[in-house]
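Reader: I should like to study the structure shown below by asking about its parts in turn. May we begin with the sheet?

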Amino acid sequence: MIMGLTGDSKGELLSQLAELVKEISGLPDCKNSCKKMHGNLVRRIKLLTPLFEELRDGNEETMIKIEEIKGFELLKVALGTAKELLQSVNDGSKLYQALQKDQITGKFQLMTETIEAALNEIPYDKLDISEEVREQIELVHTQFRRASRRPDSPDLQLDQDLAIAQKEKDPDPAILKRLSDKLQLRTINDLTKESLALHELVIASGGDPGECFEKISSLLKKLKDYVLIENPEADTSESEKDMMKHRSPVIPDDFRCPISLELMKDPVIVSTGQTYERSCIQKWLDAGHKTCPKTQQTLLHTALTPNYVLKSLIALWCESNGVELPKKQGTCSSRKPGSSVSDCDRAAIIALLEKLANGNSEQQRAAAGELRLLAKRNADNRVCIAEAGAIPLLVELLSSTDSRTQEHAVTALLNLSINESNKGTIVNAGAIPDIVDVLKNGSMEARENAAATLFSLSVIDENKVAIGAAGAIPALIQLLCEGSPRGKKDAATAIFNLSIYQGNKARAVRAGIVPPLMRLLKDAGGGMVDEALAILAILASHQEGKVAIGQAGPIPVLMEVIRTGSPRNRENSAAILWSLCTGDSEQLKVAKDYGAEEALKDLSESGTDRAKRKAGTILELLQRLEVNENPISLSSL
C-alpha cells in the first residue's frame, strides 16, 4: 500500500502552498537595485497559482502519494524561504543592498535553484490536473530551470556609479542623479526611510554593521546633499505639505530614550547592547543600580560607549523633518580635574586597545575602525587615545596583511596627528617607514590617507628630512599620477611641504616629478593647476629643478596662466619664469617670442605684490636683452 495524504491533510498542505503563492504575489513592487531579480522571482512563483488552486479545489478523496508529498513539502519550505528573502530585500537599506549586490544575487540564484529542485520532485503527469494547467506548470518549471543555469546579468552602470560616488569627494551630479533614480531615493522622505532602514541594519547586526557602514553613510550624505539642492520640494503633494506644516512628526521609537521616552541627544550603549540618553543612564547608574533598565540584565561594566551611528541617524531625521537638532552635550557631565575625557569614554578606549593588542584579526579591524572614528570626532578624544597608548599599537597594525585593518590604522594615525603633541609620539613610535610602506603598497584609500598623514607630520621641520630619507617622495609622485582627485591633492600637498627642505627638492626632481607636474599644468580641467604651479615654483629655486623645468618647455603654458590665471597662479607662474630666465638668455628669448613683455607689463600693474616684483625684474632682463641684441654703434651718432 502506498501511503499518502488525503482529505483534510491534503487540503491543508495545498492551502498552505496556495496561501504562500498568494502572499508572495501580493508583495509590493521592489524599488531598489534588486528590482529585476525580485520581479522575476515573484512573476515565476505567481504562475504556480493555478496548480494549487486546481488541486485544492479538486476531488477531496484524491490521494496524493508519498513521492508527490516530498515535492510539495520541499516546495512549501522553498516558497517560505523565498517569501522571507523577497520581504527582506523590499524592506532593507537600498544602499546596503546595492553595495552587497553580489551576495544578494547569490541568494536569489540559490533560491531559484532550490525551487527548481523542488518542482523537479513533483510528477505532474500523475496529478489530477487539466492539460492547460499541466502545460503552464511545465512552462514555469522550464523558466526556473533556465534561470538556475543563467543568473541575471550585472548592472554595470550601477556598479560604476557606486564606485565613483564612493571614491570622489564631490561626484558628478549626473552620477548622483542616476543613483537617486535607480535606487528610488529621490526625496527627503525616501532618504529618511533609508536612514531608518540603515538603523535597523545596525540594530540587527548587534551594533556592528561592518565596514560597509561608513560607505553607506558617506553615500547617503552625498545623495541627501544632491536631493536638497536638486529636488527639495518633491516629497508630497501641496495638500500633504500643508497638513505636515501643522503636525509634529512622530519620533521613531528607536530614537527615544527608553527611560525618558524623549528624543535622544547623546545616545550611549551599555554593556547589554541597549542604547540610552547619556544623562538618563548616568543618573540610573549614579543611584547605585547595576542592571540594564530595559532588559533587567546585570551590567558587566558601567562603561558607556557613544552610539555615533544612531546619533548621525537622529541628526539626519531631525534635518529631514524640520525638527531642531538636539543641542550637543559634552562627553560627560563629570570630568577628572585636568582631564578632558570622561572616565567612561576612557574605559571604552582602553577596551578597544585591549582588542588591538590581544584580539583576533576581526577584533583588531573593528577596534582600529572605532578608534579611527573616535579620533576624528573631537580634540578630547585625540588626547585620550594617545594618552592611553594607542599609537604604538596602531603603528604595528600598519604592517597588517588585512587591507581594511591597514586602512583603519593609517587613518586613525592621520586623525590623531591633528594634535601637535601626537605628531612627535607617532614619529617616535617609528611610524614613518611603515607609513611610507603603506603609501607604496596599500589599497588606494590607504595610500591616500598615508599621503595625508605624511603631510600632517611634515609640518614639523625635522620630520621633513626623515620622511624624505625614508623614500616617500617617489611613492607620492606615483600617487600624484594615478590617484583619485582627492589622492592627487593629498600627494601634491605632501610633496609641496616636503620640498620646503632643500634636500627633498633634489629628491623630487631626480624621482621624475617635473613631467607629471607639466601634464597636470596643461590639463586645465583636471583641477590640479594650482598645486602643480605651487610645486614647480618651489622646485624652480633649486638648480636641478630649474634645469629640469626648463627642459620641459613650460614657457607657453606659463605665459597663458600669466594672462588668464588666478592671482595666486599668475604669481607662481611669474616666479617660475623669473627663475628660468635669470642667467639664461635662451629662456628669455623664448619668453619674449611668446609675448612676455605685454603680459608682464599688465601683471606688474595688476598682480599681487610678489607677482609685481617678479614681473618688474623679468621686464628689466628683457630690456637688457634687447640692448644686447641691438647695440647702438658710435658711427650712428
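Reader: In what order do the three strands of the open sheet stand?
Author: The model is a predicted one. Its open sheet has three strands, with antiparallel pairing. Strands of a sheet pair through backbone hydrogen bonds, either parallel or antiparallel. The order here is β4-β3-β5.

Reader: Which strands stand at the edges of this sheet?
Author: The order of the strands is β4-β3-β5. An edge strand here has a single partner strand, so one side of it is left without a neighbour in the sheet. The strands in this position are β4 (275-277) and β5 (305-306).

Reader: Which residue in β4 is the bridge partner of Val-268?
Author: Strand β3 covers residues 267-269 and is joined to β4 by three bridges. The two strands run antiparallel. In β4, the bridge partner of Val-268 is Tyr-276.

Reader: At about what angle to β4 does helix α13 run?
Author: Helix α13 comprises residues 278-286. This helix lies across β3, β4 and β5. Relative to β4, α13 runs at about 95°.

Reader: Is Cys-257 buried or exposed?
Author: Cys-257 lies in the loop between α12 (238-245) and β3. Leaving aside neighbours within four places in sequence, Cys-257 is in contact with Glu-262, Met-264, Tyr-276, Glu-277 and Cys-280. Its relative accessibility is 0%, and buried means under 20%, so Cys-257 counts as buried.

Reader: What separates the C-alpha atoms of Cys-257 and Glu-277?
Author: These two residues are 20 residues apart along the chain. They are also in contact with each other. Their C-alpha atoms are separated by 5.5 Å.

Reader: How many disulfides does the model contain?
Author: A disulfide is a covalent bond between the sulfur atoms of two cysteines. The test applied here is a pair of cysteine sulfur atoms within 2.5 Å. By this rule the count of disulfides is zero.

Reader: Which is buried and which is partly exposed, Cys-481 or Cys-581?
Author: Buried means under 20% relative accessible area, and exposed means over 50%. Cys-481 has a relative accessible area of 39%, so this residue is partly exposed. At 2% relative accessibility, the buried residue is Cys-581.

Reader: How many of the eleven residues of helix α28 are buried?
Author: Helix α28 spans residues 529-539 and is mostly covered. Its buried residues include Val-529, Glu-531, Ile-535 and Leu-539. Among the helices that cover them are α25 (485-498), α27 (514-522) and α30 (555-564). Of the eleven residues, the number buried is ten.

Reader: Which residue has its backbone oxygen 2.8 Å from a polar atom of the side chain of Ser-499?
Author: Ser-499 has its place in the loop between α25 and α26. This serine is buried, with a relative accessible area of 1%. Beyond four places in sequence, Ser-499 touches Asn-504, Lys-505, Ala-508, Ile-538 and Leu-539. The backbone oxygen 2.8 Å from a polar atom of its side chain belongs to Ile-495.

Reader: Are α29 and α31 roughly parallel or roughly perpendicular?
Author: The axes of α29 and α31 come within 10 Å and cross at roughly 100°. Angles of 65 to 115 degrees count as roughly perpendicular. In the contact between these helices, Lys-546, Ile-549 and Gly-550 in α29 meet Ile-576, Ser-579 and Leu-580 in α31. The crossing angle therefore makes α29 and α31 roughly perpendicular.

Reader: What is the phi of Gln-184?
Author: Gln-184 lies in the loop between α9 (173-182) and α10 (188-204). It is partly exposed, with a relative accessible area of 22%. Most residues other than glycine have a negative phi. Although Gln-184 is not a glycine, its phi is positive, at about 60°.

Reader: Which backbone nitrogen lies 3.1 Å from a polar atom of the side chain of Asn-360?
Author: Asn-360 lies in the loop between α15 (343-358) and α16 (361-377). With a relative accessible area of 42%, Asn-360 is partly exposed. The backbone nitrogen in question is that of Glu-362.

Reader: What percentage of the residues in the protein chain is buried?
Author: The protein chain has 34 helices and five strands. Its residues number 637. The buried share of these residues is 46%.

Conventions. Residues are numbered from 1 along each chain as its sequence is written. This is a predicted model: local features need pLDDT of at least 70, side-chain atom pairs count only at pLDDT 80 or more; totals for chains, interfaces and linings use all residues. Side-chain values use heavy atoms; hydrogens and water are left out. Buried means under 20% relative accessible area, exposed over 50%, partly exposed in between (1.4 Å probe, protein chains only). Helices (H or I, at least four residues) and strands (E, at least two) are DSSP runs, numbered from the N terminus. Contact means heavy atoms within 4.5 Å. A polar contact is a pair of N or O atoms within 3.5 Å; within protein, one must be able to donate a hydrogen and the other to accept it, and residues adjacent in sequence count only if both atoms are side-chain atoms. Two strands pair if DSSP finds at least two bridges between them. Axes are lines fitted to C-alpha atoms, for helices over the stretch in contact, and angles run from 0 to 180 degrees between N-to-C directions. Angles under 35 degrees count as roughly parallel, over 145 as roughly antiparallel, 65 to 115 as roughly perpendicular and the rest as oblique.
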